[in-house]
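Open your viewer, switch on side chains, and keep the sequence panel in sight. We will go from stop to stop, selecting a few residues each time.

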Amino acid sequence: KVDNTPLISCTAIIIVKTVINAIIDQQRTHWQRVVFSSFFLRIADFYKDTLNIQNEQTAEHLAEISRLETLEKGHRVISMGEKMEMLPILVTGVLRGYIVDENGRDITDCFIFRRGDVIMGTGDFLTPSPVHIETTTECQVLMVPLCELLQLLDQPELLVIYNQQLV
């Protein structure tokens, strides 16, 4: 008589392990969805509360295309002469806009510190920046792809926000 007990035990262990891994993967995916949903809702709330976007679909769409980034102190967000591809929106921190004169000295042009401030070197998205902008503290910013944002500017609510940022 042949004893198949060890073979059955190994097979049973493999099956149990496979089932446990499948359950763990399913739970991990569930929690990733929960974390993403929670994060997504917080970004949509940021747009509603900070930038006063009342349209729920607009806030959710902006949240969907936005990416939250943490930038270390001294990180250059925009370089002089550079055209923007992403539009950073300040969540926390302080940034400084500056130019470098012919003697190589920094001359501060502005500080950006208010939650919800759009970080732009110029009022025109398509014009190269006349200043450098860098973080003076660790900052959290929402990065919005400019090409996708420009498609939304036909919405009056976003045009009002854009015009407010220019003032």
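## Stop 1: Arg-114 and its partner

Begin by selecting Arg-114, which is exposed, with a relative accessible area of 51%. The model you are looking at is predicted, so every distance on this tour is a computed one. Now add Asp-117 to the selection: the two side chains meet in a salt bridge, with N and O 3.4 Å apart. The partners differ in their surroundings, since Asp-117 counts as buried at 11% relative accessibility, while Arg-114 is exposed. For a charged group that spans three residues, select Asp-45, Lys-48 and Glu-56, which are joined into one network by salt bridges that share partners. In total, the count comes to seven salt bridges.

## Stop 2: Arg-96 in strand S4

Next, go to residues 95-100, which form strand S4, and pick out Arg-96. Is Arg-96 buried or exposed? Its relative accessible area is 12%, under the 20% cut-off, so Arg-96 is buried.

What does the side chain of Arg-96 pair with? Select Asp-106 and you will find a salt bridge, whose closest N and O atoms are 2.9 Å apart. This pair links distant parts of the chain, with Arg-96 in strand S4 and Asp-106 in strand S5 (residues 106-112), ten residues apart. Asp-106 itself is partly exposed, at 43% relative accessibility.

Keep Arg-96 selected and add Thr-108: a polar contact of 3.0 Å joins these two side chains. To see the wider surroundings, show the contacts of Arg-96 beyond its neighbours within four places in sequence; among them are Cys-110, Phe-111, His-132, Ile-133, Glu-134 and Thr-136.

## Stop 3: two cysteines

One of those contacts, Cys-110, is worth a click of its own. Cys-110 is partly exposed, with a relative accessible area of 27%. Then select Cys-147, which is exposed at 52%. How many disulfides are there in the model? The count comes to zero.

## Stop 4: Thr-137 in a loop

Move along to the loop between strand S6 (132-135) and strand S7 (139-145), and select Thr-137 there. With a relative accessible area of 31%, Thr-137 falls between the 20% and 50% cut-offs and is therefore partly exposed.

Which residues does Thr-137 touch, not counting those up to four places away in sequence? They are Leu-71, Glu-72, Lys-73, Gly-93 and Val-94. Zoom in on Val-94: its backbone nitrogen lies 3.0 Å from a polar atom of the Thr-137 side chain. For one more distance, draw a line between the C-alpha atoms of Thr-137 and Thr-92; the two residues are 45 apart along the chain, and the line should read 9.2 Å.

## Stop 5: Met-143 in strand S7

Strand S7 also holds Met-143, your next selection. Met-143 is buried, with a relative accessible area of 11%. Leaving aside neighbours within four places in sequence, Met-143 is in contact with Ile-65, Ser-66, Arg-67, Glu-69, Met-86, Leu-87 and Pro-88.

Two of these contacts lead to further views. Take Met-86 first: its C-alpha atom and that of Met-143 are separated by 5.9 Å, although the residues are 57 apart along the chain. Then select Arg-67 and Glu-69, which form a salt bridge with the closest N and O atoms 2.4 Å apart. Arg-67 is partly exposed, at 44% relative accessibility.

## Stop 6: helix H2

Ile-65 was among the contacts of Met-143, and it brings us to helix H2, residues 56-65. Colour the buried residues of H2, which are Thr-58, Ala-59, Leu-62, Ala-63 and Ile-65. Now look at the N-terminal end of H2, which is capped by Asn-55: a side-chain oxygen of Asn-55 lies 2.9 Å from the backbone nitrogen of Gln-57.

## Last stop: colour by confidence

Finally, colour the chain by pLDDT. The average is 79, and 68% of the residues score at least 70. Which elements have the lowest and highest mean pLDDT? Helix H1 (residues 5-50) has the lowest, at 60, and S6 the highest, at 96. Select residues 28-38, where the pLDDT is below 50; this stretch has zero contacts in the model beyond near neighbours in sequence. Where pLDDT is low, the predicted coordinates should not be read in detail.

Terms used: Residues are numbered from 1 along each chain as its sequence is written. This is a predicted model: local features need pLDDT of at least 70, side-chain atom pairs count only at pLDDT 80 or more; totals for chains, interfaces and linings use all residues. Side-chain values use heavy atoms; hydrogens and water are left out. Helices (H or I, at least four residues) and strands (E, at least two) are DSSP runs, numbered from the N terminus. Buried means under 20% relative accessible area, exposed over 50%, partly exposed in between (1.4 Å probe, protein chains only). Contact means heavy atoms within 4.5 Å. A polar contact is a pair of N or O atoms within 3.5 Å; within protein, one must be able to donate a hydrogen and the other to accept it, and residues adjacent in sequence count only if both atoms are side-chain atoms. pLDDT is the predictor's confidence in each residue, from 0 to 100. A disulfide is a pair of cysteine sulfur atoms within 2.5 Å. A salt bridge is a side-chain nitrogen of Lys or Arg within 4 Å of a carboxyl oxygen of Asp or Glu.
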